[in-house]
Each structure stands twice: as structure tokens, then as C-alpha cells.
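Student: I have a structure open and would like to talk it through with you. Could we start with one residue and then move on to other topics?

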Amino acid sequence: MIPSPPLFLLLLGLMGAHATAPVSVDLRTAAAMAAGLCNTRPTDLVFIVDSSRSVRPSEFEQVKVFLAKVIEGLDVGPDATRVGVVNYASRVKNELSLKTHKTKAGLVKAVTKIEPLSTGTMTGLAIQFALNVAFSEAEGARVKSPDISKVAIIVTDGRPQDNVKDVAARARDAGIELYAIGVGRVDLNTLKQIASEQLDDHVDYVESYSVIEKLTKKFQEAFCACSNAATDVVFLIDGSKSVRPENFELVKKWINQIVDKLDVSETKAHVGLVQYSSSVKQEFPLGRYNNKKDLKDAVKKMAYMERGTMTGQALRYLSDSSFAPAGGARPGVAKVGIVFTDGRSQDYIGDAAKKAKEQGFKMYAVGVGNAVEDELREIASQPTGEHYFYTADFKAMTAIAKKLQINICQEEDPCECDSVVKFQKKVEEALQALTKKTGGRVEEDRCTGEQDRLRTHIPQTSPTTHTLFLLPVESEEEFMTSEL
């Protein structure tokens, strides 16, 4: 047993089945999650869990562990995330309504007591129940609002004995975001019929219940949002004739795929859109649309300009107009520019690209087809590898949208956090539960400012391993000032 000093820094990485070494992980976010410092956006979340006879009792226990671990990463409360659980087989049982438990501890305890029903597999009936009952105001769901997400996570291991396609479509049309998790011999086509778009983000498959836990981190991150995550995001889109009309439609879908990941509201993310070719056109400024529906509708209406490729002129417009207070930009708020192009610029980009970065804008550069990678690197912020992306095919842009993470969260620094005592307690609890240790090398940590990050190279792990790195210090003063 490792001795327990007064204070630890918990560095937690949950590695998936196909992890490769070395893997770079932002450990401050992981530490904040472990300490309960991560705020989640207000969400009504309902788990819909298959407990048919094909799910063995031991496997159902693993499903409950998965549910509990996802819940542990949420900001549970009446004004934050409310959680319900629907259990189904041939019949449906409302185990926990959205109004039943107002604390994380109460939820987790209740989840451990759920018993399998062990009959058939009526997945469509369960989704219908969630739509009509679980997400009703009578059961604790909140009135539909752009500021409150409605999410259902369906876990199933078999082929349904009823129709799921139509009822899932009705649920999606009602504003419920559907995730489908399949296990073992599940019918993959069924998962696709259930899940929301984009399917790559909303469909998951694991080969057995023993590794379902590897999905925990994905769902914790999906619901994790910073309380001070205000940002101004402007898309700078190449509308030159080389793009072609059919590909321009794909570009608009790609923009909306990224918008789906933002917390769009009056106080959080604002989004602006600029199109350029031989000239520059502002489609809409920052702050015009404060909900995702109106914003995405405006993106869909963007008309294709055609003509040339004046990327330098567009970058100057971004700095001088889009991110100016007169253009709707907010003082003191993080600024993010996303530049998309499919070809070589017809004007010089160097000075304009440099100016944007010198002004503190975080710049992403995305290129397709004949885009010049040297130009993309010149536009992109440092580290370049995290801020520039290239693909030869417009149809592969979905993969770029998944990789492009607009990380504008100012995570609470465990070195400065008011909840350091709570943080310490969580670490010591994790230590007591530790049954397996693996090695890791901390690469850097100065722990002296908001811009510093804790990162590590984590060795390859098995699908079900939880990797814990515990760094002892002798005192709180040493913790606040020392270099590890």
C-alpha cells in the first residue's frame, strides 16, 4: 500500500480497447472530473437499459457499473443534470424518474439496486415509453428549451422483437438526442435506426459487457461543459468555384456538425459565418443567433458564391471586422477562427495569418482536395498538429469534425481551486480503491498559471484498466510551488 501523504494530484486516464502508446492526455480535465469540479450543461438524461434473458446477471452488473461511472462525472442537481433509468425486456419498468433523486449519491445507490427483468427484447416499446412517460413533465422532465438538452442512452445486446425505426424517429423529432450502445451479437442496423445524426458520434459497439466501461470517458466528456466557457467562434469558408455546389452542401453539413458540439447561448458560445471567394461576404455576425436551431438553419441557407480564392483578404476581414466589437465580438471572450479552403490562395496570406495569431485568436485551418498544406500550417495556431487538418476527399470531412475539438474551457486549476480539500478527499478515496498500479511518466507541470497543463505519456493498457498516477507531495505549499 502506498503511504498516504497530506495531498495528492490525481491523474486519471481511462483508456479504450485500442489505445496505443504513447497517448497524450489532458490530465487537468481528468483530475477536475475526478474531484467533481466539472460542471455539466443542464440535461435531462434517461438511460434505457436492455435486461432481456440474453443479458446474464453478471453482465447486467457491469452495465450498472457503467451507468454509475457516467453519473459520477455529471453535475447532478435539479438545475443541472437530472437522470432517469428505464429498464426493459418484454415489458418496461420505470426504475428511476428524472425527479426521483436530486443527488449523485442517491442516484448511484439506486442504480445498484436495479434487477434484470430477464424476458424478451422490446426495444421499440422502451423508446416509446421514454418518449411518452420518462421525458414527461410529470416524471420530472423540464419544459423544452434550447438551454436544456434531452438525451437518451440505449444499451442493448440483441435484435429487437418490435419496430424501432419509426418510434426512434419520433423521439428525435421531439428533440431527444439518441445514443445507441450495442453489445456482442447486437444488430448493428438497429443501432443505426435508433441513433441521432451524426451516426459516428451516436453509435457505439463493444464486443462484450466486460469492456462497456471503456465508453465511460466518452459520455463524461460529452456532458462536461465549463461554467465560464464563453467564446466567439467565426467560420471562414472558401466558396470558390473549385469547391463545386455538391461539395459546398457537404461543407455546410460539416459546419453544423461542429455547431452541434458547441454550447450555443446568449452567454456561452456565439457563432459568426463569413464566406469568401474573389471577395468577402459576411453571412451573419457573432451574436445574431443564440440557439442551435436558428443558427443551423442560417448555415443551411448560405448561397454558394463561386469565383476565386482570396484567403488573405478573408483573414484580414476576420481580424478587422468579424472579431471587432462592431462586428458583435465580446470583449474579454476567447476568439476562435475556423478557416476552410480547398485550394491555393490567390493572394498573400502571411501577414494576415500572423496578425490573427498575434491578436490572440485561436486559429484552426482545414483543407480539402487541392489545399496547400504549407498555407494551412501558416494559418494554424500552435501546436500546429492540433490546429490544422487536411483530407483529400470532401466526404471525409466528418472525420475532421470529430477530431477538431474547440477546447475553450478554462478548467479550474487544482492548484488554485477553492475545493482543494474536496479534491484531496476524492484522491484519497481513489487510493483506497486502488488494486492495480501501472507506470507513467509526467512530462511537464509547473502548476503556476492558467495556461500550464499537466500531461503524461500513458503506456498501453488493457480494455478494462483504469490507470491511476499518484504524485505525492509533503505539504500544500510544496504542491502549489514545486516542479514535478
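Student: Which residues does Ser345 touch, leaving aside those up to four places away in sequence?
Tutor: In this predicted model, Ser345 touches Thr309, Met310, Thr311, Gly312 and Glu375, once residues up to four places away in sequence are set aside.

Student: And where is Ser345 found?
Tutor: Ser345 is in the loop that lies between strand E12 (334–341) and helix H12 (350–358).

Student: Is Ser345 buried or exposed?
Tutor: Ser345 counts as buried, because its relative accessibility is 9%, and the cut-off for buried is under 20%.

Student: What does the side chain of Ser345 make a polar contact with?
Tutor: The side chain of Ser345 makes a polar contact with the side chain of Asp347, at 2.6 Å, and a polar atom of the Ser345 side chain also lies 3.3 Å from the backbone nitrogen of Thr311.

Student: Switching to helix H3, which of its residues are buried?
Tutor: In H3 (residues 104–112), the buried residues are Gly106, Leu107, Val108, Ala110 and Val111, and they pack against helix H2 (57–72), strand E4 (81–88) and strand E5 (92–96).

Student: What about confidence, so what is the mean pLDDT of the protein?
Tutor: The mean pLDDT is 76, with 68% of the residues reaching 70 or more. Among the elements, helix H4 (residues 123–134) has the highest mean pLDDT, 97, and strand E1 (residues 7–14) the lowest, 27.

Student: Where does pLDDT stay under 50?
Tutor: One such stretch is residues 407–427, for which the model has 49 contacts beyond four places in sequence. The pLDDT is also below 50 over residues 434–484, a stretch with 125 contacts in the model beyond near neighbours in sequence.

Note on methods:
Residues are numbered from 1 along each chain as its sequence is written. This is a predicted model: local features need pLDDT of at least 70, side-chain atom pairs count only at pLDDT 80 or more; totals for chains, interfaces and linings use all residues. Side-chain values use heavy atoms; hydrogens and water are left out. Helices (H or I, at least four residues) and strands (E, at least two) are DSSP runs, numbered from the N terminus. Buried means under 20% relative accessible area, exposed over 50%, partly exposed in between (1.4 Å probe, protein chains only). A polar contact is a pair of N or O atoms within 3.5 Å; within protein, one must be able to donate a hydrogen and the other to accept it, and residues adjacent in sequence count only if both atoms are side-chain atoms. Contact means heavy atoms within 4.5 Å. pLDDT is the predictor's confidence in each residue, from 0 to 100.
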